[in-house]
Amino acid sequence: MEASLQIQRPFSLRNNSTNSKIRLLSGSFSNGRFGISFHSSPGCKEFPGNSVTSLIRATADYPRRRPRKSSNPRPSPKGFMPKTQVGTSIQKRDQNDSGEKESSSPSSSNEYTGPGNKLTETKADAGEEQMSEFVPETSLLSNQVKTITDVLGEAQEETDEIEEKKDETPSMVQHSPTINSHDIVEKGTMAGTDEDKAELGAPEILKKVDVVVDKEPDVEEALMKEKLETEARAGNETLMKQKLEMEARARAREEALMKWKLEMEAREREEALVKEKLEMEARAREEALMKQKLEMEARARKKLLEELAEENFSVGNKLFVHPQVVKPDQSIEVFLNRSLSTLKGESDVLIMGAFNDWRWKSFTKKMQKTDLKGDWWSCQVDIPKEAYNMDFVFFNGGDVYENNSSKDFFIPVESGMDASAFENFLLEEKRRELERLAAEEAERERQAEEQRRLEAEKAASEADRAQAKMEIEKRRKILFQLMKKAEQSVDNVWYIEPSEFKGEDMVKFYYNRSSGPLAQAEEVWIHGGHNNWKDGLTIVERLICAEKDSGDWWYADVVVPDRSLVVDWVFADGPPQSAKVYDNNNYEDFHATVPNRIPEELYWVEEEHQIYKRLQEERKQREEAIRAKAEKTARLKAEAKEKTMKMFLLSQKHIVYTEPLEVRAGMTVTVFYNPSNTVLNGKPEVWFRCSFNRWTHRNGPLPPKKMTPAENGPHVKVTVKVPLDAYMMDFVFSEKEDGGIYDNKNGMDYHIPVVGGVNKTPPMHIVHVAVEMAPIAKVGGLGDVVTSLSRAVQDLGHNVEIILPKYDCMNLSNVKDFQFNRSYHWGGTEIKVWYGKVEGLSVYFIEPQNGMFWAGCIYGCRNDGERFGFFCHAALEFLLQSGAHPDILHCHDWSSAPVAWLFKDNYMHYGLSGARVVFTIHNLEFGAGNIGKAMAYADKATTVSPNYSREVSGNPVIAHHLHKFHGILNGIDPDIWDPYNDKFIPISYTSENVVEGKRAAKLALQQRLGLKTSDRPLVGIISRLTAQKGIHLIKHAILRTLERDGQVVLLGSAPDPRIQNDFVNLANQLHSTHGDRARLCLTYDEPLSHLIYAGSDFILVPSIFEPCGLTQLTAMRYGSIPVVRKTGGLYDTVFDVDHDKERAQAIGIEPNGFSFDGADSSGVDYALNRAITAWYEGQEWFNSLCKRVMEQDWSWNRPALDYMELYYSACK
């Protein structure tokens, strides 16, 4: 803001004879510029003296105001001394007269108009002029106006300007040196009160004036001073008046703005009321229109319904719906003519229905009588968005139904899901539900496990406290007796200085060397402890000679152990590792009580707490080790299963495989097929026929698809979409679309598991009928197979049970929850049935009360055939009477072969019709008659290895049944034979530390059998000593190993006494000649067999024939290398490192042993020499071979899958 203020004050001096000039100094101010000039005006008539013109210019900016000038007076110019002016009464009177006279004349910008109007000209900027002239008008709404804050700010700015001008007095004044005092008083140009003078600050003005005048009389100086003071007062009054006027204008502007604001608010309220009224009127019109529309629609709907009702009634239709085209996610109204239905005359009519063939969102609603002509009833039904049809019936709420003559009513839903899409929707819903249930079950299991853990922790903690208390009581009694015998010193033997001491004190132990057995010792040492040697040896110091006058005294500085009640020690001739002579107080040691010991009760409380903490820590470490071991075992088993499944899928890659290899539900897979390796070799076309879930999928078989050539090789391919509810993919191949020659894998069909589906494989019910079962009734490998196969199949999610004779020689300690089940009469005797769990399997024990199995043995009776035939018949009778419905009856070897024909002849058509019989030959050398008959009756037959099945295929009892005869390899139980969890070997090991584990096992084996503990090749033999096992080859291998400077260990016995005696003689001979390198243990020893498997470098199995063989499989499980003859299952499991690389790769593994063909000594030498040479010459390679065989899976994982394929094939 800029303002220009001009003040002109004419005044005259009475004495004007001298026109002297008065020159004033100029001054500057912080907020503007201020100048005052005085000059003579000879042309003025009224005031003949000099005129004074003052010019004030100020510049201000309201938002950025500068600080007001300090009130401290500036120093006066040098030489200027203002004097006080004294006015007279005449002067005051003249001043008043002049004011009254001139107040009535008009103002002028150039002339003095009166004492009350000193301000003659004020200039303000445009903003101030607009604000002073502002009048609020309604038309200003569209224009920008200043806010109240702006107006008030400007008003305040003007007020501050006035205040500044009061403080900023002129810095220069010019006047005539000759001034008449009378004129000053008469004209009143400097009139004013004392207060005005003070406010204006006249003395300050006078201080800044530098006057150069001639010297006058004192009176004139006084008049001049009075005149100046009067002018100052007049200027102050003018400024004050200007301030008040500006404040008044600001208040007026504020009041105007407030008035305008209130008017605007009122106008806005009025406009809002008008707008609200208009909106209400618009809504009312809309509602009226909508009501009219609804009424019209209702009339149209009623008319339409009346027409539909009349039309349907005329043709005898008892129901209709509206709208007539039903769509998903809408509401429809169902109408029923009660008089045309079976509900005629019923007081209540209800509709009951669902959607999509009664599978989705069922409902029941009560219908109401309508106002349509006739007996029409209706209700509203909401159609879900997933519906493709609506199924419903009507009833009276009781037992009277209108169901369309038992066919139900059906209405299609258009533009929605089709049946296939709904099936997928249901499957997805089921999948989510299964995931939710699985998560809930997992959480429940987690909480239960946590609860079990807390309870176990509590019980274990209480047990630890009890054990700590017991230990303390025991130790307290012993220490109490010891302290009774303790002494403070023994004359002429030992003493302690000082005699009063406590734990952690330094004391001197004195000992008279000449008093005991150390009299000649060159050195004397003290070996000590405390509290009955609680912490073992804690004091070891060498004594030095005391140089006393009497006796041979030696001493040592010893720190008494903390918390000692009693100190224990002996003296010796050297430190603990080299001492030979001791003085131990005649085997009782030396003991001294600690005089200033801690209170005993406190000590024992602390000791008990320490023992409790130690027991807790030890227990937690044990539990953590067990947990970590269990987790690792589970991980290793899972990895083995995953690896086996992959091998299973790749095992037929030369014929068929998929991409991706793992088939998941809901995905699209590509099937590749190589016809050149099948019966379709050379066919111009190959057709793919597929279904799911063992050919039982709800959609049935897919239409045949013609396969197209793959990008490379002889393969053809086809793509298949796997449904969400698939758990198995089934397919065969044919040469034509309508059939022709089929490749169906010899009647087994091709099957690939599907993972991630909402449906799981339905469990099969499998019952094994056998006369052996490990470990409760084991003679040979049959018992192992029955137990291990059953467990493996049960792990796949199937229900497996075993029926076994209850022998009187049976060890029932391995049977859990053993209890009586039932009894029944059959075969002229009572038969009791017992139940129990063996290795997690459900086992039923058949016990005829005629004593048939009270013979003290499993085999060996002259009527074994009769006994086992009776057992087979009794087992089938038990199944019939118990109401069981097994899918598979699996019988084994000649002993339970009668199950096959007894079932087909006596039970197949009498309650057990759903079962199929599977028969397994374990050894064809025994019971050929029973085996041949079972082969004829069985639905499927197996033997224990593919190679053995080929070897016996020419046998007359088998040759006619090759179409149903299959070879499935046996496996071993990885839980029983597991070097990582084997309690019979010194350290646990896996393939990761196989070298360390086997080294420790070899050392333990050598030490146990008295062999030389040296690192040389060790050959182990674990076998029944029969002709089948190649006993002549075993003898030769023993001698050959010894010739190669190896060690040999044999474990086994012979059922033939002559063979047993022969080996006894051989053992005696070898023990006398090679006692440090050969040991023959002619008995059965289960723990020793584990140690031999782990400690041997090689396991020899030179069988003449071997249907499967488990010895070589167990050997590889423990990292021992098998040396075998190529026969039966040995050929299927051992692949020579030098000759069988391609054959091993064909089944997805690497070579794993040494083998030979012949049945003579040269054959054994060929394999055994190569093995021992490899051990001597390539330890690093040999160790890698041990690691390799450990990582191969020879468990029941793969055989269980093959047996399940066989079971499903039997049921097809």
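This passage walks through two sheets, an aromatic pair and a helix contact in the structure. The model is a predicted one, and that should be kept in mind throughout.

One of the sheets is open and built from four strands, which line up as β6-β7-β11-β10 with antiparallel pairing. The edge places go to β6 (319-322) and β10 (368-369); each has a single partner strand, so one side of each lacks a neighbour in the sheet. For β10, the pairing with β11 (residues 376-383) is antiparallel and rests on two bridges. Within this part of the sheet, Gln368 sits opposite Ser378 of β11. The sheet also has a helix packed on it: α7 (residues 218-314) touches β6, β7 (330-337) and β11. The direction of α7 makes about 155° with that of β6.

Further along the chain comes another open sheet, this one with five strands in the order β15-β16-β17-β21-β20, and its pairing is antiparallel. Here β15 (489-490) and β20 (544-545) take the edges, and as each has just a single partner strand, one side of each is left without a neighbour in the sheet. Strand β20 runs antiparallel to β21 (residues 553-559), and two bridges join them. Cys545 has Trp554 in β21 as its bridge partner.

Turning to aromatic side chains, 45 aromatic pairs turn up in a search of the whole structure. One of them is made by Phe509 and Trp569, whose rings meet edge-to-face, with 5.0 Å from centre to centre and 80° between the planes. Phe509 belongs to β17 (residues 506-512) and Trp569 to β22 (residues 566-572), so this pair ties together parts of the sequence that are 60 residues apart. Strand β17 also has a place in the five-stranded sheet, with β16 and β21 on either side of it in the strand order.

As for helix packing, α11 (residues 864-882) and α13 (residues 898-907) pack with their axes 9 Å apart and at an angle of about 45°. That angle makes α11 oblique to α13. The two helices cross in a right-handed way. On the α11 side, the contact is made by Gly869, Cys872, His873, Leu876, Glu877 and Leu880. Helix α13 brings Pro898, Val899, Leu902, Phe903, Asn906 and Tyr907 to the contact. Sorted by character, the residues of this contact come out as eight nonpolar, three polar and one charged.

Conventions:
Residues are numbered from 1 along each chain as its sequence is written. This is a predicted model: local features need pLDDT of at least 70, side-chain atom pairs count only at pLDDT 80 or more; totals for chains, interfaces and linings use all residues. Side-chain values use heavy atoms; hydrogens and water are left out. Axes are lines fitted to C-alpha atoms, for helices over the stretch in contact, and angles run from 0 to 180 degrees between N-to-C directions. Angles under 35 degrees count as roughly parallel, over 145 as roughly antiparallel, 65 to 115 as roughly perpendicular and the rest as oblique. A crossing is left-handed if the near helix is turned anticlockwise from the far one by less than a right angle, and right-handed if clockwise. Contact means heavy atoms within 4.5 Å. Ala, Val, Leu, Ile, Met, Phe, Trp, Tyr, Cys and Pro count as nonpolar, Asp, Glu, Lys and Arg as charged, and the others, Gly among them, as polar. Two strands pair if DSSP finds at least two bridges between them. Rings of Phe, Tyr and Trp (its six-membered ring) pair if their centres lie within 6.5 Å; planes under 30 degrees apart count as stacked, over 60 as edge-to-face and the rest as tilted.
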